[in-house]
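Thanks for coming. I will put the model on the screen and then talk through some of its contacts.

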Amino acid sequence: MTVRFFHTSDWHLGQFFYNHSRDYEHEQFLSWLLEQIKAKQPNALIIAGDIFDVINPAAKAQKQLYQFLADAHELAPHMQTLMIAGNHDSGYRIEQVQPLLDKYNAKAVGVIKWKDDRTLDLDSLLLPIYDQHGKTVAWCLTLPFLRSSEITGIYNEHTQNSQSAIAYLHQELIREAKARKQPDQALILMSHAHMQGGETSDSERPIIIGNEEALSTALFDDVIDYVALGHLHKPQKVGSAHIRYSGSPIPLSFSEINYKHQVVEVKIAPELTDELRFQFEALTIPRVVQLHKIRGELSEVFEQLRSLQEGEIESIDQREYIDIEYHTNTPPQPNLRQLLEDALPKNRYRLVRISRQYQQNNVQENADQKISLEPPTPKKLFQSLWHKQGYQQDDQVFSDFMSLVGEAQKTLENNDNA
């Protein structure tokens with residue numbers, strides 16, 4: 001019996017991008033996903049964490065999720081939606097609404113639970129996946145984001161540190177899954193974690209538990225047919241084709257401009273040979289709002305801005321994002337932002353970020369500079385930063401700064417004598 005499911009993650013509903021709402025982009029993604037569900041009728045939709053962008057999501061973000069679940073259930077009543085909490089989510093919050101989720105054939109696993117005898121509550125982590133006739137065709141092993149305080153030290157001798165706790169959780173969960181699995185059933189493990197070898201972007205919040213290294217794929221037993229990962233925003237496999245990050249549905253930073261955002265459609269036929277039992281297809285998500293990174297000297301930046309596509313976009317939520325990095329060694333003009341805005345085609349773009357990159361005009365001069373081992377004084381530190389910003393010598397500014405330093409020193413002396 002073949003099980004078909006969609007693997008997605010890192011929706012980050014409610015995200016604000018440089019103070020701009022992403023609601024429109026998320027609405028378009030969810031509408032597209034509903035079309036795929038209607039056409040493909042999968043057994044399950046798997047959402048591998050970071051459903052929301054913040055632990056306390058806005059009401060509109062929560063409405064987006066629950067309206068989507070209601071619409072998906074109407075289009076595919078037999079489909080189950082299984083989701084876990086990521087590091088951006090509150091595990092307790094997403095579990096609190098389980099009575100509502102039940103109405104839409106959905107299940108949320110937010111935290112690891114323990115029984116009174118200090119053993120794992122495996123029933124809460126092992127979820128059956130049914131076909132349209134109610135027959136179990138797969139088991140989903142769910143591992144939400146593992147916060148150290150929830151898994152280490154207080155339950156048994158296997159959880160004295162995060163490394164041993166993580167290994168114990170995987171071993172116990174896989175052991176129980178093997179015991180329940182029938183020959184014609186698949187095993188799917190869903191986890192929100194940073195795996196060794198995964199390629200990151202600059203928008204992913206570090207989640208390494210207890211400063212441990214990223215997790216190893218050796219945690220996954222060969223009996224697992226597919227590992228559905230969340231956290232990294234770039235779609236990618238990790239070691240093997242069946243261990244994958246689906247990635248985020250929209251670019252969450254300018255470093256993700258070239259990502260090919262997707263939902264992974266997976267088919268597993270447990271009764272077939274190893275070569276044929278697993279198939280997957282990347283369903284490309286249309287990008288409805290473009291991002292542009294403009295780099296170069298100011299003259300080049302202005303030229304690139306003027307050459308951008310024209311044509312007004314009425315709604316500001318649909319306008320394209322612009323990030324400018326200009327290269328110079330001189331201080332910025334006071335009205336630089338306005339000049340850059342004026343160079344853009346009207347009412348089509350949102351200039352959300354301007355940064356300056358300093359040129360190295362004299363590499364040899366920098367290389368020949370001697371390193372001083374003397375402790376830096378406040379004045380030297382301020383002068384160094386002032387010059388690095390491209391500003392010229394200003395005795396009045398230095399005098400004002402030293403006055404502030406003197407006042408701060410007096411305050412510290414008074415506190416010490418109090």
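I will go through two sheets, then salt bridges, then aromatic rings.

First, the ground rules. This is a predicted model, so local features need pLDDT of at least 70 and side-chain atom pairs count only at pLDDT 80 or more, while totals for chains, interfaces and linings use all residues. Residues are numbered from 1 along each chain as its sequence is written, and side-chain values use heavy atoms, with hydrogens and water left out.

Start with the mixed sheet. It is an open sheet of 6 strands in the order 7-8-9-10-12-11. Helices (H or I, at least four residues) and strands (E, at least two) are DSSP runs, numbered from the N terminus, and two strands pair if DSSP finds at least two bridges between them. Strand 7 (126–130) and strand 11 (236–238) each have a single partner strand, so one side of each has no neighbour in the sheet. Neighbouring strands here are turned by 30° against each other on average, direction ignored. For angles, axes are lines fitted to C-alpha atoms, for helices over the stretch in contact, and the values run from 0 to 180 degrees between N-to-C directions.

Within this sheet, strands 9 and 10 run parallel and are joined by 5 bridges. Met190 stands opposite Ala228 in strand 10. Helix 6 lies across strand 7, strand 8 (136–143) and strand 9, at about 170° to strand 8; contact here means heavy atoms within 4.5 Å.

The other sheet is also open, with 3 strands in the order 15-16-17 and parallel pairing. Its edge strands are strand 15 (291–297) and strand 17 (349–358), each pairing on one side only. The average turn between neighbouring strands is 15°, direction ignored. Strand 16 (residues 320–328) is joined to strand 17 by 9 bridges, and Thr328 stands opposite Tyr358 in strand 17. Helix 8 (residues 336–343) lies across strands 16 and 17, running at about 130° to strand 17.

Now salt bridges. The structure holds 17 of them, each being a side-chain nitrogen of Lys or Arg within 4 Å of a carboxyl oxygen of Asp or Glu.

Which strands does the pair of Arg353 and Asp323 link? The closest N and O atoms of these two residues are 3.3 Å apart. Arg353 is in strand 17 and Asp323 in strand 16, 30 residues apart. Asp323 is buried at 1% relative accessibility, and Arg353 is partly exposed at 30%. Buried means under 20% relative accessible area, exposed over 50%, and partly exposed in between (1.4 Å probe, protein chains only).

Lys178 and Asp221 form another salt bridge, at 2.9 Å. Lys178 lies in helix 6 (residues 162–180) and Asp221 in the loop between strand 9 (186–192) and strand 10 (226–230), so the pair ties together parts that are 43 residues apart in sequence. Lys178 is partly exposed at 42%, as is Asp221 at 28%.

Arg175 and Glu176 meet at 3.9 Å, N to O. Arg175 is partly exposed, whereas Glu176 is buried at 18%.

Last, the rings. There are 10 aromatic pairs, counted when ring centres of Phe, Tyr and Trp (its six-membered ring) lie within 6.5 Å; planes under 30 degrees apart are stacked, over 60 edge-to-face and the rest tilted. Ring pairs link Phe5, Tyr226, Phe278 and Phe280 into a cluster.
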